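Biologist: I would like a close look at a single part of this protein, taken slowly and with its surroundings kept in view. Please begin once the sequence and structure are before us.

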Amino acid sequence: MDCNMEPGDGGSSATPTEEMNGAGNLMDFLDEPFPDVGTYEDFHTIDWLREKSRDTDRHRKITSKSKESFWELIKSLLDAWSGWVVMLLIGLLSGTLAGVIDLAVDWMTDLKEGVCLTAFYYSHEQRCRTSNETTLDDQDECPQWQKWAELMTGHAEGAGAYVLNYFLYVLWALLFSFLAVSLVRVFAPYACGSGIPEIKTILSGFIIRGYLGKWTLLIKTVTLVLAVSSGLSQRALLYLTFISNI
């Protein structure tokens with residue numbers, strides 16, 4: 001995926017971030033400044049000394065107000081635990097997304113080969129393991145799961161069935177790849193690549209508005225499923241293995 005997008009030549013007044021983010025940062029929660037938090041321009045570095053001073057003043061105010069009433073004490077306790085609560089929510093969200101992605105990848109990967117007639121949302125492994133018509137020795141073969149050639153022509157064996165299955169396998173892989181590239185290109189160019197260098201840069205204090213937005217998270221999740229299901233990750237691994245052996 002091409003991560004470098006050149007600004008238009010039509011005299012557009014869009015900022016560099018808007019040029020990079022096709023959605024115009026409409027769903028970026030960082031567009032609105034937070035109260036009592038210093039705001040910075042895009043592609044600038046955080047002034048850590050100033051932010052440390054502001055945070056110290058904020059904690060001093062909260063501590064002094066906590067002695068005024070019981071409600072202010074509750075607010076101070078909530079502020080003290082807010083960091084742990086955020087980390088807990090991030091962990092739960094990450095685990096949930098990882099589980100959804102894993103299940104979706106298994107289903108879409110098997111979709112390139114065939115489909116379950118009784119429950120289309122089952123992958124090959126899930127369908128055959130839960131079937132009452134299979135044993136431990138032939139658990140990979142169940143009548144509910146049919147390959148595309150068998151479903152379309154009624155023949156599961158032969159050269160014609162092999163060619164048709166191969167053609168549909170490649171077609172599904174190309175479709176998944178095209179959808180992944182199109183979604184990233186149109187809706188969230190920041191979702192391309194691994195994102196590890198950008199995350200390290202952001203953690204060091206560099207501002208990249210829109211990179212950690214909701215739109216990027218959504219497109220990243222969907223296109224990750226599409227890219228892995230299409231086989232792009234396996235091809236990249238084979239290429240890296242080949243390069244390392246040269």
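Biologist: Is Arg58 buried, exposed or partly exposed, and what is its relative accessible area? Please take the answer as a starting point and go on to the charged pairs around it and the helices that carry them.

Modeller: Bearing in mind that this is a predicted model, Arg58 counts as partly exposed, because its relative accessible area is 28%, which lies between the 20% under which a residue is buried and the 50% over which it is exposed. The side chain of Arg58 is paired with that of Asp79 in a salt bridge, in which the closest N and O atoms are 2.8 Å apart. Since Arg58 belongs to helix H2 and Asp79 to helix H3, this pair ties together parts that are 21 residues apart in sequence. The pairing does not stand alone, for salt bridges with shared partners link Asp55, Arg58 and Asp79 into one network.

Helix H2, which covers residues 48-65, holds a further pair, Arg60 and Asp57, whose side chains meet in a salt bridge at 2.8 Å from N to O. These two are separated by about one helical turn, because they are 3 residues apart in helix H2. Arg60 is exposed, with a relative accessible area of 52%, whereas Asp57 is partly exposed at 34%. In the loop between helix H1 (16-20) and helix H2 lies Phe43, which has a positive phi of about 60° although it is not a glycine, and which counts as partly exposed at 34% relative accessibility.

Turning to helix H3, which runs over residues 70-111, one finds a salt bridge between Lys75 and Glu72, with the closest N and O atoms 3.9 Å apart. Both residues lie in this helix, 3 residues apart, or about one turn. Lys75 is partly exposed, with a relative accessible area of 40%, while Glu72 is buried at 19%, a value that falls under the 20% cut-off. A search of the whole structure finds 5 salt bridges, among them the pairs described here.

Helix H3 also bears on the nonpolar side of the picture. Phe70, Leu73, Leu77, Trp81, Trp84, Val85, Leu88, Leu89 and Leu92 make a nonpolar surface patch of about 1000 Å². Leu88, which is found in helix H3, is exposed, with a relative accessible area of 52%.

The largest nonpolar core has 11 residues in all, including Ile101, Val105, Met108 and Leu111, together with Trp148, Phe176, Val225 and Leu226. Two or more residues come from each of H3, helix H6 (159-187) and H8, and H3 gives the most, with 4 residues. Val225 shows how the chain is brought together here: leaving aside its neighbours within four places in sequence, Val225 is in contact with Ile101, Ala104, Val105 and Met108. Apart from the largest core lies another, of 5 residues, among them Val184, Ala188, Ala191 and Ile219.

Helix H8 spans 24 Å between its end C-alpha atoms, which agrees with the span expected for its 17 residues at 1.5 Å a residue. The buried residues of H8 include Ile219, Val225 and Leu226, whereas Leu217, also found in helix H8, counts as partly exposed at 43% relative accessibility. Just after H8, Gly231 takes a positive phi of about 100°.

Technical notes: Residues numbered from 1 in each chain as written. Predicted model: local features only at pLDDT ≥ 70, side-chain atom pairs only at ≥ 80, totals over all residues. Heavy atoms only, no water. Patch = residues over 30% accessible without salt bridge, like charges linked within 9 Å, V, L, I, M, F, W, Y side chains within 5 Å. Areas by Shrake-Rupley, 256 points an atom, 1.4 Å probe, with all protein chains shown as cover. Salt bridge = Lys/Arg side-chain N within 4 Å of Asp/Glu carboxyl O. Buried < 20%, exposed > 50% of the residue type's maximum accessible area, 1.4 Å probe, protein only. Expected span 1.5 Å × (residues − 1). Core = buried A, V, L, I, M, F, W, Y, C linked by side-chain atoms within 4.5 Å. Contact = heavy atoms within 4.5 Å.
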